[in-house]
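Q: I would like to learn how to read strand pairing and helix packing in a model. Could we work through this one?

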Amino acid sequence: MITQLLKDKLACPSCMGPLRFDNDSIKCLSCGAVYEVIDGIPIMLPADIKKQSDKESAFWEDYWGKTPMHDIAEVPKQADIISVTDHVVPLWDKYGKDCFFEAGCGTGRLLYLLAKKGINVIGYDNSPAALKYTARFLKAAGVSNYHLVCGDMRYLPFKDNTLGMIYGGGSIEHFDGQQKAIN
Ligand SMILES: [Zn+2]
């Protein structure tokens, strides 16, 4: 099920057109593109990028399927995530509004820590398998104010000015065309 928060913000990544939300798919009312919804996660990848993703999906499904679940009690104590929250949380307190968007959310540890503070979080990643892992983790961790979207940073499927704060760490070095993503 696509959350209302996402319905209000999503647009077609190919043409920015308005969308129609059905149970297991999303259709662009402007260009006619159809996007899958897998386990409640909208897969908002333009067709050519989706093809590439599908080629790699068996590997990542296997990889994330075998990755042990985070030890939830340990996550807030992990030094690498503390060094992120120490900087991101004060920025959220100063500038954040509406929702926190993580571009390249990986396994969702930052989403968890912010959601636990009561912040609405959107996790964005180009790997459906990573997002399925994140969904399992966040559910097990007992937070519910999270929203997950699969997509490409160069083709953001969001209407302009609908993301209250955008953060991406360890992400833009993984692809070409960073300027488009940053713009
Ligand atoms: Zn479209």
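A: Start with a single residue pair: Phe-21 has Ile-26 in strand 2 as its bridge partner. Keep in mind that this is a predicted model.

Q: Over how many bridges do strand 1 and strand 2 pair, and in which sense, parallel or antiparallel?
A: Strands of a sheet pair through backbone hydrogen bonds, in either a parallel or an antiparallel way. Here strand 1 and strand 2 (residues 25-28) are joined by three bridges in the antiparallel sense.

Q: What is the order of the strands in that open sheet of four strands?
A: The order is 1-2-3-4, and the pairing is antiparallel. Strand 1 (19-21) and strand 4 (41-42) are the edge strands, each paired on one side only.

Q: Which strands stand at the edges of the open sheet with parallel pairing?
A: This sheet has four strands in the order 7-6-5-8. Strand 7 (146-150) and strand 8 (165-167) each have a single partner strand, so one side of each lacks a neighbour in the sheet. On average, neighbouring strands of this sheet are turned by 20° against each other, with direction ignored.

Q: How many bridges link strand 5 and strand 8?
A: Strand 5 (residues 100-103) pairs with strand 8 over three bridges, in the parallel sense. One residue pair to look up is Glu-102 with its bridge partner in strand 8, Tyr-167.

Q: Which strands does helix 4 lie across?
A: Helix 4 lies across strand 5, strand 6 (121-125) and strand 7, and runs at about 170° to strand 6.

Q: At what angle do helix 3 and helix 4 pack?
A: Helix 3 (residues 79-95) and helix 4 (residues 109-116) pack at about 50°, and their axes are 10 Å apart. That angle makes helix 3 oblique to helix 4. The crossing is right-handed.

Q: Which residues meet where helix 3 contacts helix 4?
A: From helix 3 come Ile-81, Val-84 and Thr-85; from helix 4 come Arg-109, Leu-110 and Leu-113. By class, that contact has four nonpolar residues, one polar and one charged.

Q: How do the axes of helix 4 and helix 5 cross?
A: The axes of helix 4 and helix 5 (residues 128-140) come within 10 Å and cross at roughly 35°. This crossing is right-handed. Leu-111, Tyr-112 and Ala-115 of helix 4 make the contact with Thr-134, Phe-137 and Leu-138 of helix 5. By class, the contact of helix 4 with helix 5 has five nonpolar residues, one polar and no charged ones.

Key:
Residues are numbered from 1 along each chain as its sequence is written. This is a predicted model: local features need pLDDT of at least 70, side-chain atom pairs count only at pLDDT 80 or more; totals for chains, interfaces and linings use all residues. Axes are lines fitted to C-alpha atoms, for helices over the stretch in contact, and angles run from 0 to 180 degrees between N-to-C directions. Helices (H or I, at least four residues) and strands (E, at least two) are DSSP runs, numbered from the N terminus. Angles under 35 degrees count as roughly parallel, over 145 as roughly antiparallel, 65 to 115 as roughly perpendicular and the rest as oblique. A crossing is left-handed if the near helix is turned anticlockwise from the far one by less than a right angle, and right-handed if clockwise. Two residues are in contact if their C-beta atoms, placed from the backbone, lie within 7 Å. Ala, Val, Leu, Ile, Met, Phe, Trp, Tyr, Cys and Pro count as nonpolar, Asp, Glu, Lys and Arg as charged, and the others, Gly among them, as polar. Two strands pair if DSSP finds at least two bridges between them.
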